[in-house]
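Trainee: Could you take a close look at one strand with me and show how it sits among its neighbours? I would enjoy a connected walk through it.

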Amino acid sequence: MHRSHPDRQPHWLPVLALAAALPLYLPASPVCRAATTLLALLLAGIALRPATGGTARHPVLVRIPVAAKRPDGLSLLLLWLACGLLAGVVLQARRESLASASGTGLPSSMISYTEASLTADGYLSASGWRMYPVQLVQVRSSAGAQASAAGSGLFYVRGGLALPPGSRITVQAKPVPAQNGPALLWFAEKADLRLKQAAPPWQQLRFRARQALLAAIRQAAGADAAPLMEALLLGVRDQLNSELAANFRQAGCAHILALSGQHLSILTGMLGLLLGWLPAKRTARLVNCLLIGVYIAITGAGPSVLRAALMFWYASLGRLLDRPQPAAASLGFAFFASLLLQPENCASLSFILSYSASAGILAFGPAFAFLLRRLLPPSWASALGTGWAAFLATAAVVAGSFGVLYPAGPFISILAAPLVVALLWAGVSASLLVAICPALASLTKPVCSSLYELLQLLMAAGVGRPALPLPEGRSRLMVSTAIALSVLLVYAVLHVRFRQPTRLQLAQRTGRTAGQPGLCHAKKVRPELSDQPGCPSAPLRPAAG
């Protein structure tokens, strides 16, 4: 296990991100904001006090200035924490200002006509309702009164058609308040939806490319495997079997269906192999970054995919500049960039789960893998350690949100991982081959269907694994809090066990067993010096190698 150097200082980005998350997820009240600001100023004062210079009084005439001391590791840590807390307060105020700017301008009971702009790709539910996430523009009442509107909302249209983002649409229906959150919902029939203005040209181009990819996947994978391929490759779950989706969820593997960093890492590895013919590694990395940007534009910048892409771009920039960055710094950069790009998503469950799982993998993954290597092969130990690290980091959030935990999820995910990788490879390869030669579909469909059947059987077998249901109400909150405290305790134990600086005695490559006498005198290492005068008789360290 790697042991950190005692003088090694933590990177500033993870510390800033961790401190900024505290005010973001505290109750949005002036008291909490004032308390956080005072705490940040106090930490900054403590951090800057040792670093201030002074003056030394000369015994006779003048005062001699004393240079300011360089801040030590603790002072820098406190300063970073203070900056992170202040940044979190600013980001929380920005999010509140965006939320307060939303409104319909008319009472919900009076609204009968709503105009909005589509902000993302909608999806089709199993019951036939298509969901459109929109940005409100204007509302009208049946009496003719109209008002400008702002904020986000959701249109649910039975049998609605797929439309590109940026399209201006209207719906004739009354809004309904959402059960969870301040957003409004509109339920309408297909005849009540109208397209008022087409999307921008680049959005239409992106939409056509997305539809062409979906058509190629359906042609190459067949009717059975195509919906799962679409979910794994593009995040489209319109045609996914509801029973299969329920099996994934009850087996503790729902994260496989959600387009996330796991899928992007597999696709990145595929691109790395395909771009291996390029003469320069920097050129291949730049092309890889560009292709990932195109992929994000086609699939949509969800919280998980955007996090993985930002981490990859930040790490790639560090390598291009010959300044490799640790994974924790990449995660901190992705957190701050996501808050700036999508401040409304920081309270969403997918955002919280994505960053919690990534932080857990960085905090617990290496230690868990090291402990499991005594029982399992290295590859299996690494995979199971990563799965358990993500499970442990997200357990409190999952328990509080869904009321159930699936401890067998990491084990089933290990068994499903090769099948998921094979499905992704088969989907990409089959789509390319069928696009070049449509006659090859008769060969690609059996391969994709076989992998689909194996993964379906595995998820069906995992449904019967034990689950831990949690009570309702305040008891669930207490259980979630206990889980979060237990996770912090586990981290503290692992930190003390594997991160405590120790003095290691490294082998000197002398061919002797540790603790036994061996080649330790100069005359043993260099026999020609034994008869010369002035030969050192004290033990010396032999030359390396």
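Mentor: Happy to! A word on terms to begin with: a residue is called buried when its relative accessible area is under 20%, with only the protein chains counted as cover. By that cut-off, 39% of the 545 residues in the chain are buried. Keep in mind that this is a predicted model. The chain holds 16 helices and 13 strands, and the strand I would pick is E3, residues 111-118. Of its 8 residues, 7 are buried, so E3 is largely enclosed by the rest of the structure.

Now to the partners of E3. One is strand E5 (residues 129-141), which pairs with E3 in the antiparallel sense over 7 bridges. To find this pairing on your screen, start from Ser117, whose bridge partner in E5 is Gln135. Another partner is strand E8 (residues 168-171), joined to E3 by 4 bridges and again antiparallel. Here a handy landmark is Thr114, which stands opposite Val171 in E8.

For the wider setting, look at contacts between residues at least 6 apart in sequence: 69% of them join residues at least 24 apart. The accessible surface of the chain comes to about 30600 Å², with 65% of that belonging to carbon and sulfur atoms. As a counterpoint to the enclosed strand, try the nonpolar surface patch of about 290 Å² made by Leu38, Leu41 and Leu86. Leu86 lies in helix H3 (residues 73-100) and is partly exposed, at a relative accessible area of 35%.

Methods
Residues are numbered from 1 along each chain as its sequence is written. This is a predicted model: local features need pLDDT of at least 70, side-chain atom pairs count only at pLDDT 80 or more; totals for chains, interfaces and linings use all residues. Side-chain values use heavy atoms; hydrogens and water are left out. Patches are made of residues with over 30% relative accessible area and no salt bridge: like charges are joined within 9 Å, nonpolar side chains (Val, Leu, Ile, Met, Phe, Trp, Tyr) within 5 Å. Accessible areas come from the Shrake-Rupley method with a 1.4 Å probe; for residues, only the protein chains shown count as cover. A salt bridge is a side-chain nitrogen of Lys or Arg within 4 Å of a carboxyl oxygen of Asp or Glu. Helices (H or I, at least four residues) and strands (E, at least two) are DSSP runs, numbered from the N terminus. Buried means under 20% relative accessible area, exposed over 50%, partly exposed in between (1.4 Å probe, protein chains only). Contact means heavy atoms within 4.5 Å. Two strands pair if DSSP finds at least two bridges between them.
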